Amino acid sequence: MIYTLFLVCESTMAKGKLEESFERENERAIKLGIENAEHIKNAKSWCKHFRAEMVSAGLLAQMSGLPIGSHAISCQHAEGSSESMNLPWIIPEFIVSNCAKCPHHVPNGDISWGERIIEKHNRQLQEREEAERARQNQLEKLRDQILELSVQAKQSSEIDERQILIFIEGLFSGDETKQKECSEWLVQSARIGADLFSPFAIDILLSQSRSQEFASFCLPICGELAERRTDLTSRLIEVACTAIEHRIYPELAAYVLLQLADKMYYPLPDKLTVNLIDHQEYNWPIGGPKYPNSNELLLRSFDAEPRSVANPLRTLLQHDDKRVRVNACGVIETLQHARPQIGLDLLPDLVASLDLHDDPYEESADARAGQCIANAFWSNPTQVDEFLVSQIPNKRPAVQQEIVAVYRKLIRDDVEHQHGKSPLAETTSLELRIAAKRCLEFVKDDKLDLEVRREAAEALEAISSKHPQTILLHFDSLLGYYALNCTLSEPPDLRLGIILPNQSTSDPRLKQLDEIKRRQHWGFFKRKLLDVIKKLAENEPATVGETVIRCFEGLDTKTNEDFKSATVALLGEIGKGYAFQPRVLPPLMKALMDYESQVIRATAIRAVEEMYRHAQSAPPKNLVDILILHLNDRYVIVHKAAIRALEWKGRWLSRSQTIEALTGMIGWLNAYRNDPYYLDDLCQAIVQVAAHYPDLKNLAAKSVTRVLPTNEQLVDEKLVESLTRYIQPDEPTAEAVARHIVWCLGQYHRDRYQGSQFSERARMFEWLYQIPQAIYVRIKPVLIEAAKQIAVRDAFESCFFAGLFARRGDYAEEENVLAVAADSLSGEKRYHRFRKELLDLRAVAAANAQLNNGNISTAQQLLSQITEPEQ
Amino acid sequence: VKDGELDITHAHNSAVIVAGLHKTLGEINLRERGQAHQLTTLIEQIDKHLGETAESEESRTWQIVSIGLRTLQSQLRCREIAMGGNGEILGERERLSVLCSELRMQLSSFYAYSDSSTTLVEEVIEHNNRSVNSDRLLAFLRSVPMPITYWRRKNTNYPFRRHSSESEDIDASITPLVRVIAFIDGSPLVSPQLLQPQLSYSLKFVVRGIIWPNESDKLKLDLLTTLPASDYSVSDFMLQKPLKIEDNQYEGELAGQIRFGTAQTLLSENISFVVRCAFQLPSGSHYEVPVIGHNQLEFRIVDPERQSFMSGHRRLDQHVAGLLEKLRGENPAIVDEMPDLIPVLEALTNLHGTYAQGAVLKDATKIRERDFHPLVLRDLRFMLGKEVQEHPSQAGGYTDIRYRGVVIELKVEGKNGDRTHICQKYSKQATQYEGVEARQVSVVLVLDLTPKDEPLGDIRNDILLYDVPTHGGKDNQKQYPSKAFVFVVNGNIQDPSAYSKKRSYRRRMSSK
């Protein structure tokens, strides 16, 4: 199996960045699997009671046989359990927390590993505590000194300076709220009363601006003083520079320097520049901090000497760690807004950074670099475009793909906003025309990898979606190129990769895999190309409509089935335009009735669906009749298309049409009995179509309940849950639905990773709570059975049943369920508290049962066992 | 279950309450007094739990039990009051009546489909809804099964949003702060500011700030003091919100007047005012903000015409009182020494004036310190009594005269009559004596026997306050600098006419 995995990795097909990262991820996962196995072995030797259970795993674990996946680790004597894919992270922590003083510890082999872990932890804990103690002592001493000096200063200072000193005292008190409050007040004071800061106050603020503890409070105050106290200029420069040098709140220190305006000399020293770049963090999916002060200083340095800023950024762009590159790109992006030239200066470096590895997790370094290149494109499109094109031949396909992706980024709204250009006026003039032309070339360039061409097609799709005018001139060319591709019986050949000396090229499985992938990519590419044309047709029906209709009418089904089908899809897009519907319907009807090709019929059904997706009116009755007719088409592609088209368009159907449609759909239930996932779609369609006529609701519900269970958990749960939405608990078919719910709950396990209140199961319980008493009485035996079934395996969920019984006054059944649930938890220390709670609940249920029988004294005796919960 | 989620801890809490309820109801004795109190905690627990429970059938049973307990409690209270306990019987009976009606309604509704519902209600509640059968109600409460409430009320307040009030809105933002600089009669205020009684002074505050809360349109400035309101009057100061706050900063001037009724004695403390600022909110409440700058004002009210320093020589008294005010202004800690110092200064001022006016030492050309000493000692004892001591041992030497810790050093100067010289020369010894007793002020009385070639001037020049340099660094950096009052008494004085003669002689000589 591992061999197969590596076959995939060693395929000669070109790889994208995602695949490259997947390969590295696999390598890391296998390494982690080996470490996991080692840790499990050691932990099991350490103690007999240690348990590790793999709770989820994937293909890699199956193929390699290694413990790669999520593991739950526990012990019957431990108070908690942990779960993670990374056992080297959680096992030592688990052992330290639970085994250090465990009286139940039973060695099961070599215990030196566990002893080392505990010893190491104790040592680290001690060191940490000592360091913290020393830090606290130091702080305390400092506070005392400041307090003492402040008291003296208050006695010798002017009366109007004293309040500032009181704030200063508060700033260094140990009370965080007070510190924050005083800091804010001191900032305001510095703005409106810089002259009221006595020499003592200044000394303290300046000295503590360099300390890690207080700099965050003192530097903003210094920033305000910098603008207003010219006598402090040299001291403030020194303080701020020192803070930046030692990376103590560089952004705040940068603010101080900025306030000093022309008293600073630029460019800043290299060390300061590097630190001002380094401290900026842009690895945030949304939002994140801004660094206006640092970047303003960098801009001033850049203005004085461009290389002083560009050189450190160049170095960072070539860093192997993608996080570093993301941060560097974040800085470049920010600087580009004010000085576009920096993007052009760094263009070669940005493109070169795309050669490095990236992965899809968290922020993507390639995406950020691409954004910087896109920004540069806006400032000088011709130069950047030419440079990018010149780089394409030298790069591997994965990098080519990233370069082409830059053109797609140009279309993003935020880019337009950032450059303050209106979407249609100026932007369509030059930049987008260059981008569109280039992407068209990429799409048609058969020397490029298919994935690269698909990326270019995606860029074109974005352009045709937002700025169709830009490529409207190329519509005929695109349509022609698509027609040409439709005539190809085989996908284009692969680009030959570099064959390594010992690499086998004749492995038939490898060839087969490559072939599958090639056809898949070709299909993706063609579909994307058609999407581009469809977008143009949708956005510019007036310009392209007649061309498409003429094209459709001139095509022969037998010889041009693929292309004709594509033109039918385009008719659907053109028909979205209200004015064009009369022109489009006749050819569409022709396509619906084209019995020479099931592909064209199916496409025509989808085109009708598309055409009326957002329309207020319904199609003509005869067209709907055709759709209903196609429900009975023997070709899968056709009747599935018809079912899908009618699923959400039940309102088009009259009552007789609905009955006809339901008959057709229900007829397929048996045929698809062994395809549960399609059965789900079909049932949803039946329910939706019937929803418009209340008297047909029960027919639909009965039909759906007949297919249950499919024995596929996801499908069964989804179907039952949709029935709970469709049928009210007091409707005639409610009992059948209730039985299915109970069966479903008993049969399948809860997904413990999903919050109970949002799950389908919670909704099922909610529905059951509302059934009338008569139904409750009739289904009570199955309820009891399911409750016991669940209580054995899931004590928490059994409480839903206990609550149900309590509501109906069935306290004896409530007691039984709780008893089984409590028993299922015995022997595990981590469940002690939960078990005690369940036993107390059981006692109340038993007492209530006794009260129902009039045995008050027995009830009181039972209730006397209940105790207050432990805190 | 409306807006509920299954919660085991919540369910367990209900179990604990049920157990507690049955325990209490099992132990309660309706015939004893003080039983009503036992139900209070139980009712509170049930109410709190119901507040956290999702609305459901189970919670209805709990509500009935809650009302039943309240009714029983009210019935027991009525009985206790009737039997002589504390409380107001009419009020409690009305409460019981309301509870009875409520219980009747709840029971009838909950047991609507039960055959025994009417019997139960009739047995428990009297027909007139004025009282209950306590025994039957207790039996009912003991027998009713209370289902576990598995469903806790879900927090639907998502995303979590606080119900903010006017003041909370302000709290959420940064607390504003204002800078206040005070001017009196157009000059920046000093501390303490010397003012005269019965005069109105213009008082102006220049206020500056950054944040002005949206809710407020007025900033009120007022002065807070412990001085009785009858002793002073001050204007109201109110700043209207500026129409436009530019550059995120506002500034305004508040002008008014201040007036004090009476002067202070030398021994009284400065009058202190705290300057407070608060934004007025539409509700009429105030939002106080910190003040920087002149957040405290200190005044000293002095009447130059009517000094509290009284030696009997009015102009000298004014002079010495001025010196004392200056001393006190510069060194607030000196106020502790004043009670002993002032009598000494009054006595010496008196002596000084008397000796000058009476020309007591006019003919003394060669008088020794030991001869001068008994004269001064005798005169001081006339005025200050027996506490005036001579030659007590102090700081390794012997002081000349001491009165309640205030050392008066006596000296005779026969060579250099320059006052600065005299101060420099003779204040050091007295300072060392006083220093060891943690006092800052010493007193020196010097008899000047130098020839008086020029006529004597204003004798106020002969009473001086001198800063005495001391060991251990710069004196302006010391917390307790030393001072000396130097009194110079003139001896060896010529007749006033002698100066006229001299002048005639000089004129004659010059005309030659």
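**Exercises: two spaces, one helix pair, one sheet**

Eight nonpolar, five polar and no charged residues line the second largest cavity of this structure (nonpolar: Ala, Val, Leu, Ile, Met, Phe, Trp, Tyr, Cys, Pro; charged: Asp, Glu, Lys, Arg; polar: the others, including Gly). The model is predicted, with pLDDT of at least 70 needed for local features and 80 or more for side-chain atom pairs, while totals for chains, interfaces and linings use all residues. Residues count from 1 along each chain as written, chains are lettered from A and ligands numbered from 1 in written order, and side-chain values use heavy atoms, without hydrogens or water.

**Exercise 1.** State which residues lie nearest the centre of the second largest cavity.

*Solution.* Step 1: the whole structure has three cavities of 30 Å³ or more (on a 1 Å grid, points where a 1.4 Å probe fits but cannot get out; lining residues have an atom within 4 Å of a point). Step 2: the second largest holds about 90 Å³. Step 3: among its 13 lining residues, Cys47(A), Cys75(A), Asn98(A), Cys99(A) and Cys102(A) lie nearest the centre.

**Exercise 2.** Classify the packing of helices α13(A) and α14(A).

*Solution.* Step 1: α13 (residues 292–304) and α14 (residues 306–317) of chain A have axes 5 Å apart and pack at about 120° (helices are DSSP runs, H or I, of at least four residues; strands, E, of at least two). Step 2: the two helices are therefore oblique to each other (neither under 35, over 145, nor 65 to 115 degrees). Step 3: Leu298(A), Ser301(A), Phe302(A) and Ala304(A) of α13(A) meet Pro306(A), Ser308(A) and Val309(A) of α14(A) (heavy atoms within 4.5 Å). Step 4: this contact has five nonpolar, two polar and no charged residues.

**Exercise 3.** Describe the lining of the second largest pocket.

*Solution.* Step 1: the second largest pocket contains about 1,000 Å³ (a pocket is an open set with protein on both sides within 12 Å along at least five of seven lines). Step 2: 45 residues line this pocket, with Ser364(A), Asp366(A), Ala367(A), Arg368(A) and Lys409(A) nearest its centre. Step 3: α20(A) supplies the largest share, seven residues. Step 4: by class, 19 lining residues are charged, 14 nonpolar and 12 polar.

**Exercise 4.** Identify the edge strands of the β1-β2-β3 sheet in chain A.

*Solution.* Step 1: the three strands form an open sheet in the order β1-β2-β3 (chain A), paired antiparallel (pairing takes at least two DSSP bridges). Step 2: β1 (51–57) and β3 (82–84) of chain A each pair on one side only, which makes them the edges. Step 3: six bridges join β1(A) to β2(A) (residues 69–74), and Arg51(A) has Ser74(A) as bridge partner in β2(A).

Conventions: Grid points are joined across faces, edges and corners, and a volume is the space filled by probe spheres set on the points. Axes are lines fitted to C-alpha atoms, for helices over the stretch in contact, and angles run from 0 to 180 degrees between N-to-C directions.
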